[in-house]
Amino acid sequence: MILDLSSSRDLLLALLPELVLTAWSLVLLLLIAWRHRTAADLRLAGCVTLAALASTAGAVWWLWWHAARAAPTPLAAMIAVDDFRFVTDWLFLGAAALTVLLSFNYLEREQLLIPEYHALIVFATLGMMLMGGGDDLIVVFLGLELLSVSVYVLAGINRKSAAGAEAAFKYFLLGAFASGFLLYGIALVYGATGTTGLRAIAAQVGAGAGGGGGGGTMLAIGLALLLIGFGFKVAAVPFHMWVPDVYDGSPTPVTAYMASGVKAAAFAALFRVLGEAFSAVAAWHEIVWWLAVATMVVGNLIALAQRAVKRMLAYSSVAHAGYLLVAVAAGPGPGSAAFLFYLVAYTLMTLGAFALLAAKGRQGERDVLIDDLAGLATRHPWLAFALAVCMLSLLGFPGTAGFIGKWYILAAATSAGQGGLAAALVLTSVISAGYYLPVIMAMYMKPEPSAEAHVGMRLGRLGYAVVTVCVAGLLFFGVRPNRLLDLARTGGVAGPPAPEAIPAAPAVSAAHAPTAR
Amino acid sequence: MYARWVLTALLVWPAVAAVAILIAPPRWAKHLGFVASLIEFAIAVPLWWTFVPSGGMQFVCDAPWIQVPLFGTGAPWSIHYTVGVDGISLFMVLLTTLLVPLSVLGSYSYITTRERAYYALLLVLTSGMIGVFVALDLFLFYVMWEVMLIPMYFIIGVWGGDSRLYAAIKFFIYTMFGSLLMLVAILALVYLVGQRTGIFSFDYFHLMRNLGDLGPLAFWLFAAFFLAFAIKVPMFPFHTWLPDAHVEAPTAGSVILAGILLKMGTYGFLRFAVPFFPAVALAPPVETAIVALSLVGILYGGLVAMVQPDFKKLIAYSSVAHLGFVMLGIWALTLQSVQGALLVMINHGISTGALFFLVGMIYERRHSRLIAAYGGIARVVPLFAAILTFVSLSSIGLPGTNGFVGEFLVLVGAFRTHPVAAGIAATGVIVAAAYLLWALQRVIFNPLDKPENEKLPDLTPRELAVLLPLVACIVWIGVYPKPILDRMEPAARQFIESVRPPGPTATAIAP
């Protein structure tokens with residue numbers, strides 16, 4: 001299906017998923033305005049949110065099934081219509097749905113009877129979809145702002161918690177700062193090329209219009225500012241300082257959402273911008289190279305020193321940002337498929353780990369130390385097993401999706417001639433064994449400190465569902481990744497326009513289920 | 001039928017049995033584990049007769065696993081499930097399936113907590129070990145290589161001694177460090193060969209055939225493989241995880257660590273590192289360095305073993321020395337030395353396995369591994385003393401036992417290419433005699449001066465059932481090793497030819 005984005009009918013079709021989600025968000029707001037007092041209202045809002053996410057995933061699927069593509073129009077399109085967008089959309093929607101499922105129990109337990117929570121999740125997801133699909137720097141920026149503002153509020157949604165307020169404030173200040181960088185970068189790029197459309201920028205850069213004299217410098221500075229802005233959002237070192245406090249202070253489901261969905265969205269936008277608009281500019285490769293190495297080394301080393309599980313996971317998410325940056329550095333060709341696969345695996349394992357942490361903790365989980373998990377295996381063998389699988393997958397151990405993802409990134413890096421980055425990745429992965437294994441060790445090899453140590457641990461039926469989906473997905477894709485690899489590959493062509501990317505769709509139709517659900 | 005499915009059955013059966021153990025009532029766990037591992041052995045035994053010595057890779061089973069055109073080129077990266085054995089891996093498989101039931105039987109009274117998990121992990125470990133030895137696809141090999149880490153990590157960490165956590169994590173991180181670099185090397189290899197041939201395959205023979213000249217990159221790829229395998233062997237500077245892991249592991253864990261896991265390193269050299277990069281492996285500086293490290297391992301391992309107060313640690317260090325012989329045998333590259341190296345691999349599994357069992361048995365009685373805690377116990381436990389003496393003599397390499405045949409072949413073979421090294425290695429045999437005989441003297445002879453030792457019970461029938469098969473193997477290989485040597489000779493010859501083309505061999509080895 002070829003969509004001519006200059007006609008409004010086709011443009012609306014191309015925007016179908018976003019429109020569906022927006023409509024649902026209005027319904028949700030209306031509903032919340034009437035019913036916002038009891039736990040039942042909260043559950044209702046949650047169910048509506050799930051329906052919204054599911055129908056949006058359906059809309060994405062409809063576009064994907066018809067192999068929707070944008071007609072090559074001379075006008076710069078605002079929104080991309082390609083498989084990269086569809087796959088990332090499923091990822092965002094899946095992460096959001098798992099987060100909502102996780103929140104039912106959590107919000108009631110922590111007495112956060114605020115149905116707006118769900119509305120904010122929907123808005124944030126909408127922002128992510130615009131970031132993953134935006135074909136214009138302005139659209140990307142709008143999506144980013146929509147996402148960020150929603151998540152600032154989500155981080156501080158627990159008004160009774162001082163840590164939550166601190167997290168929200170810190171996130172807001174630094175996030176606003178990063179947005180400023182990003183916006184200024186966009187302005188400079190516009191100054192150098194006269195456009196904000198990604199493809200138009202690529203054409204300008206390719207034609208050398210931005211090059212030569214002042215234009216070249218301006219473009220370079222603009223690109224650098226863009227990288228700084230995105231660096232904040234993906235939590236790359238040295239722009240990661242906000243991560244531990246924000247992750248630590250936010251409610252755990254929100255942290256899970258930030259670590260999986262928000263990060264994935266920022267990466268998707270970064271990937272699209274770099275791959276589509278600036279693939280002809282050589283300068284960013286080296287910058288991303290250094291960012292990746294610094295992020296992997298620093299993230300892993302600091303995570304090694306953490307005693308609290310949540311902070312450890314926060315720094316581990318920094319480290320994983322480094323692994324993803326390796327895929328970015330490998331370039332749009334081989335890198336993007338590896339990048340997509342790893343995002344899926346990473347989302348599953350992070351959500352699973354945070355879901356289990358949410359079950360263990362009380363009052364914001366600031367105090368769950370790794371040693372507090374001691375003896376969990378004897379008391380809750382299945383939960384311990386699930387957490388062990390998540391840890392091994394984060395470590396990149398064979399048999400889990402984390403391994404296939406890491407392997408894919410390594411393959412992409414080696415085939416892009418980045419052997420040094422690949423070596424850095426594996427060496428820092430070894431460091432990460434030093435903090436993932438102690439979790440397993442505590443659960444299985446240390447005795448329970450007292451008989452009541454794990455009494456309060458409750459996951460709830462929906463929490464179990466989330467964990468089961470995550471663990472089953474991790475194990476399944478660890479052994480049988482074929483379909484997902486295929487999907488990532490066809491979706492992974494975000495580089496310069498590639499006509500061969502129209503896939504034979506039907507054979508792959510069953511593959512996306514776990515992420516879309 | 002048997003030829004096609006036997007290896008798959010060997011891989012799958014323990015995993016299935018492990019699940020069964022987890023479901024069954026806890027009091028059945030050890031019996032189920034024993035029966036399952038016996039069945040595994042029974043599946044493997046016919047390999048001995050159906051194996052055709054000159055047949056190259058046999059019992060091959062091949063099925064596509066992951067096939068995705070990863071990067072733009074359109075050529076799929078094909079990962080297969082490919083398994084097969086030749087004269088090198090056959091014995092490793094047989095040794096594994098022999099040691100596992102004995103380990104299970106030897107754990108009956110040692111393991112008293114979480115029995116289901118223990119026996120299930122032991123069986124999963126069996127799957128992983130078999131997988132490493134039969135994998136003919138480098139991806140499968142890597143996966144198996146790593147998968148086997150987890151059960152061992154748990155076995156050490158949950159059922160081990162006092163500082164088990166430290167030993168477990170050290171073991172894990174050392175091994176993972178080496179193997180991840182190997183993963184990068186494998187990927188680079190597949191990519192380089194794929195670029196040249198258009199086929200991105202992890203298949204062992206495809207890579208072997210099409211490697212060609214890799215130029216200076218070959219050195220780094222070899223280095224990555226070398227590191228992974230040298231840590232596992234362990235060669236001299238990479239050996240520090242071994243004493244910790246061996247000492248802290250429960251008896252069966254030590255037996256399997258020493259008996260099988262260490263062999264994966266030398267197996268890796270024989271199967272992958274040396275045949276892939278013969279030019280690097282035989283380049284004079286590399287060769288000299290590795291031979292020197294092997295010699296250091298032999299002497300250093302022996303000397304450090306001599307001063308150990310802890311019997312288990314003594315045996316652990318003796319492993320470093322024995323594996324030094326294997327490395328020397330591989331690098332000496334003569335038919336005798338390679339066959340000898342293979343034989344030492346088997347012998348070390350049997351003799352050292354038996355020694356670890358014996359130390360475990362006496363530890364269960366007396367709860368001390370210190371040599372100084374014993375003395376004169378031959379009078380109390382004559383059967384134990386007799387078997388310990390016999391096994392120690394085989395470990396030393398007394399003629400008539402298996403140890404002699406292996407080390408003798410290595411020395412004879414090495415003498416032709418590396419006379420000086422062989423001379424130095426021979427003194428290692430003397431050192432081995434010194435530390436083991438001295439330990440024997442302090443444990444079972446000397447005056448019986450400690451009252452705690454006067455009431456020690458002798459070996460039970462179950463313990464005899466664990467030890468006697470090993471003793472039988474010691475005698476058999478010591479007296480009549482021909483059937484084994486016959487089966488491994490073509491593979492050893494092929495290994496040498498793949499490394500050093502047949503023509504100039506005769507002249508090249510005379511310095």
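Select chain B and colour by burial: of its 511 residues, 59% count as buried. The model is predicted, and every value on this tour is computed from it. Keep chain B selected for its overall form. The C-alpha trace spans about 75 × 60 × 40 Å along its principal axes. A compact globule with 511 residues would have a radius of gyration near 24 Å, and the 22 Å of chain B agrees with that. Switch to a cartoon view, where chain B shows 22 helices and three strands. A contact map of chain B, restricted to separations of 6 or more, has 80% of its contacts between residues 24 or more positions apart.

**The side of chain A that touches chain B**

Next, show both chains and select the residues in contact between them: 27 from chain A and 25 from chain B. On the chain A side, the elements giving two or more residues are helix 14 (332-360), helix 17 (401-415), helix 18 (419-445) and helix 20 (482-491). Helix 18 of chain A provides the largest share, 12 residues. Colour this side of chain A by residue class to find 17 nonpolar, eight polar and two charged residues.

**Helix 18 of chain A against helix 7 of chain B**

Stay on helix 18 of chain A and add helix 7 of chain B, residues 149-159. Their axes come within 10 Å and cross at roughly 50°. That angle falls outside the ranges for parallel, antiparallel and perpendicular, so helix 18 of chain A and helix 7 of chain B are oblique to each other. The crossing is right-handed. To see the contact itself, show the side chains of A:M441, A:Y444 and A:M445 on helix 18 of chain A, with B:F154, B:G157 and B:V158 on helix 7 of chain B. Five of these residues are nonpolar, one is polar and none is charged.

**Helices 2 and 3 of chain A**

Now hide chain B and select helix 2 (residues 16-34) and helix 3 (residues 39-65) of chain A. The axes of these helices come within 8 Å and cross at roughly 170°. Angles over 145 degrees count as roughly antiparallel, which is why helix 2 of chain A is described that way relative to helix 3 of chain A. From helix 2 of chain A, the residues making the contact include A:L16, A:V20, A:W24, A:V27 and A:L31. On helix 3 of chain A, A:A45, A:V48, A:A52, A:T56 and A:L63 are among them. The full contact divides into 15 nonpolar and three polar residues, with no charged ones.

Note on methods. Residues numbered from 1 in each chain as written. Chains lettered and ligands numbered in written order. Predicted model: local features only at pLDDT ≥ 70, side-chain atom pairs only at ≥ 80, totals over all residues. Contact = placed C-beta atoms within 7 Å. Helix = DSSP H or I, 4+ residues; strand = E, 2+ residues; numbered from the N terminus. Nonpolar A, V, L, I, M, F, W, Y, C, P; charged D, E, K, R; others polar. Axes fitted to C-alpha atoms, helices over the stretch in contact; angles between N-to-C directions. Parallel < 35°, antiparallel > 145°, perpendicular 65-115°, else oblique. Left-handed = near helix turned anticlockwise from the far one by under 90°. Rg over C-alpha atoms; globule rule 2.2 N^0.38 Å. Buried ≥ 20, exposed ≤ 12 C-beta atoms within 10 Å, placed from the backbone.
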